Structure formats: structure tokens, C-alpha cells
Amino acid sequence: MLNKSLTLASLSFLSLTANAALYDRGNGLIYDDSRNVTWMQDASYAVTQHQQSGGLLGDEDGYMTWHEASSWVDNLNYGNYSGWRLAAGSEWGAYEFNSLRQSLGNSSVGDFGNCSGGGDPCFLNNSFVDPVSGETISLINFRDGGEDGHSGTGMYWHGTSWSQNSSYDVDHAWAYRMGFGNAWHFDKGISALAWAVADGDIVNQSLVSFVPIPSAVWLFGSALLGLAGLKRKK
């Protein structure tokens with residue numbers, strides 16, 4: 001009886017693992033049920049935010065030091081939700097980025113986290129089909145390492161600091177290297193990218209809300225259309 005229960009439990013676990021998927025939650029949010037996190041669809045939202053705010057918020061090119069990236073995501077408010085953070089990972093285990101990569105249908109992780117032996121972009125596929133709507137959804141402003149001019153090109157900061165080591169005289173933090181599919185620790189002072197993540201399915205938990213256009217605006221628009229119609233009749 002015990003063996004049967006263990007077998008059923010194992011099958012259930014395998015089924016859940018096999019069915020891990022990404023879901024489009026709308027308004028630029030994607031839910032990853034394999035890690036139970038919500039990703040921003042815009043992988044470089046700091047740039048978009050900078051453009052939309054006229055330079056008051058975000059960052060012009062998205063490349064920030066670890067402290068700048070941490071401050072940006074800590075102060076981010078999107079959909080009236082402010083619980084954003086940098087992606088999580090541990091030593092040699094960039095698990096949230098690797099989970100997203102595999103959920104997008106990319107190759108599995110090889111030795112030391114490398115995919116395709118290292119060197120090739122590990123996110124060859126940046127789109128997925130929503131299991132509910134059947135629509136194809138693509139990441140926005142995703143950078144896989146093809147940009148030049150930055151010491152941290154193609155790298156996304158983790159929220160995890162690296163313990164001080166006697167062989168280094170500066171603080172380090174972990175970052176995910178898109179070209180290799182793994183994490184490594186880098187000087188917090190270099191420039192790398194930031195991808196906002198939130199714990200849980202924040203849309204279904206009603207933690208986010210997007211302000212609709214006020215009814216007064218619709219009434220005003222209707223009145224204008226009515227006046228235009230009267231003018232045409234005259």
C-alpha cells in the first residue's frame with residue numbers, strides 16, 4: 001500500500017513538472033507556474049519606464065550597477081503593485097532564469113549550467129503559446145548578449161549577493177549570463193540589466209490593478225461625438 005502511494009505521489013509530481021507552463025496574464029505580465037512567480041513581459045522595463053516618464057524614472061539604456069538595479073526594482077510600482085524584486089538564484093543555480101528558459105522551450109542545462117556547450121544564446125526561443133487562449137506571446141525588449149559597450153552585456157542581475165572572499169577586494173553579486181545559461185558572481189559596480197519579478201500569481205491574487213479610463217472621460221468623448229454629428233446635420 002505504501003509503495004502504491006509513493007508511486008502515485010511520484011506520478012503526480014512528474015505530471016505537475018511536465019505540465020509546467022507560462023500564462024499570459026495581460027497588461028505585460030507573465031505567470032510561470034513552475035516557480036510560482038510573475039515576470040514582467042518587458043525584460044528591460046527600466047528603459048520603457050524611462051521613455052514613458054520623460055526621463056524621470058527608470059534608466060536610459062537599462063544597464064545599472066547592482067545597487068542601482070536593486071534600488072530601481074525596490075521602488076518600482078507597476079499596476080499599483082510594489083512587491084517587485086530581482087530574479088532569485090543561488091551559487092551555480094540560476095533557477096528562476098533557467099526555469100523561464102526551459103518553460104520557453106529552450107534546451108536543457110548542461111555541465112555547470114551551460115546550454116549548447118556555452119557561447120550560444122540560451123534563449124533562442126523567446127515566445128510561448130498561452131495554454132488558455134492559444135495565443136503566441138513574446139518577450140519584449142529581451143537582450144541575449146548581442147549588445148556592445150557594456151561590461152555586463154547580456155547579463156541580468158540576481159538579487160543575491162555573493163559572500164565576501166579573501167581573493168576579492170570588492171563586493172560581488174550573482175548575475176545570469178544569457179550567452180551561457182548560468183550564473184556567475186561579478187563586481188557590484190559593473191553595469192548589467194534588471195528584470196522585475198514578483199512572487200506568486202499576482203494577477204489571480206488580485207494584487208495588481210490597472211486604473212481604467214474614468215467614466216467621465218467616456219461621457220466627454222460621447223458628447224464630442226454628439227456635437228460632431230449635429231454639426232454634420234447642419
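With which residue does R25 form a salt bridge, and how far apart are the closest N and O atoms? The partner is D201, with the closest N and O atoms 2.7 Å apart; a salt bridge here is a side-chain nitrogen of Lys or Arg within 4 Å of a carboxyl oxygen of Asp or Glu. R25 lies in strand β1 and D201 in the loop between β10 and α5, so this pair ties together parts that are 176 residues apart in sequence.

A word on the model comes next. It is a predicted one, in which local features need pLDDT of at least 70 and side-chain atom pairs count only at pLDDT 80 or more, whereas totals for chains, interfaces and linings use all residues. Residues are numbered from 1 along each chain as its sequence is written, and side-chain values use heavy atoms, with hydrogens and water left out.

The sheet is a good place to start. Five strands form an open sheet in the order β1-β2-β3-β10-β4, with antiparallel pairing. The edge strands are β1 (22–26) and β4 (85–86), each of which pairs on one side only. Strands (E, at least two residues) and helices (H or I, at least four) are DSSP runs numbered from the N terminus, and two strands pair if DSSP finds at least two bridges between them. β1 is joined to β2 by four bridges, and Y23 has Y31 in β2 as its bridge partner. Four bridges also join β2 to the antiparallel β3, where D32 stands opposite V37. These two strands, β2 and β3, make a hairpin with four residues between them, and N36 in the turn has a positive phi of about 55°. On to β10: β3 pairs with this strand over three bridges, in the antiparallel sense, and W39 has V197 of β10 as its bridge partner.

Both faces of β3 are covered, with V37 and W39 buried on one side and T38 and M40 buried on the other. Buried means under 20% relative accessible area, exposed over 50%, and partly exposed in between (1.4 Å probe, protein chains only). Helix α4 lies across β1, β2, β3, β4 and β10, and runs at about 80° to β3; axes are lines fitted to C-alpha atoms, for helices over the stretch in contact, and angles run from 0 to 180 degrees between N-to-C directions.

The largest nonpolar core has 47 residues, and those with the most contacts inside it are W72, W84, W157 and W195. Such a core is a set of buried Ala, Val, Leu, Ile, Met, Phe, Trp, Tyr and Cys residues joined through side-chain atoms within 4.5 Å. Among the elements that give two or more residues to this core are β2 (29–32), β3 (37–40), α2 (45–52), α3 (66–74), α4 (95–103) and β10 (196–199). The largest share, four residues, comes from α3. Not counting residues up to four places away in sequence, W72 touches Y45, A46, Q49, G58, M64, A194 and A196, where contact means heavy atoms within 4.5 Å. In α2, the buried residues are Y45, A46, V47, T48 and Q49, and what covers them includes β3 and α3. After α2 comes G54, whose phi is positive, near 65°.

Back to the charged pairs: a search of the whole structure finds three salt bridges. In the R25 and D201 pair, R25 counts as partly exposed at 22% relative accessibility, while D201 counts as buried at 8%. The side chains of R85 and E96 meet in another salt bridge (2.9 Å, N to O), which links strand β4 to helix α4, eleven residues apart. R85 counts as buried at 19% relative accessibility, and E96 counts as buried at 4%. R85 also forms a salt bridge with D199, the closest N and O atoms being 2.8 Å apart; this pair links β4 to β10, 114 residues apart. D199 is partly exposed, with a relative accessible area of 47%. R85, E96 and D199 are thus linked in a network of salt bridges.

The loop between β10 and α5 (215–233) also holds V203, which counts as partly exposed at 24% relative accessibility. Leaving aside neighbours within four places in sequence, V203 is in contact with R25, L29 and V208. The C-alpha atoms of V203 and I30 are separated by 9.3 Å, although these residues are 173 apart along the chain.
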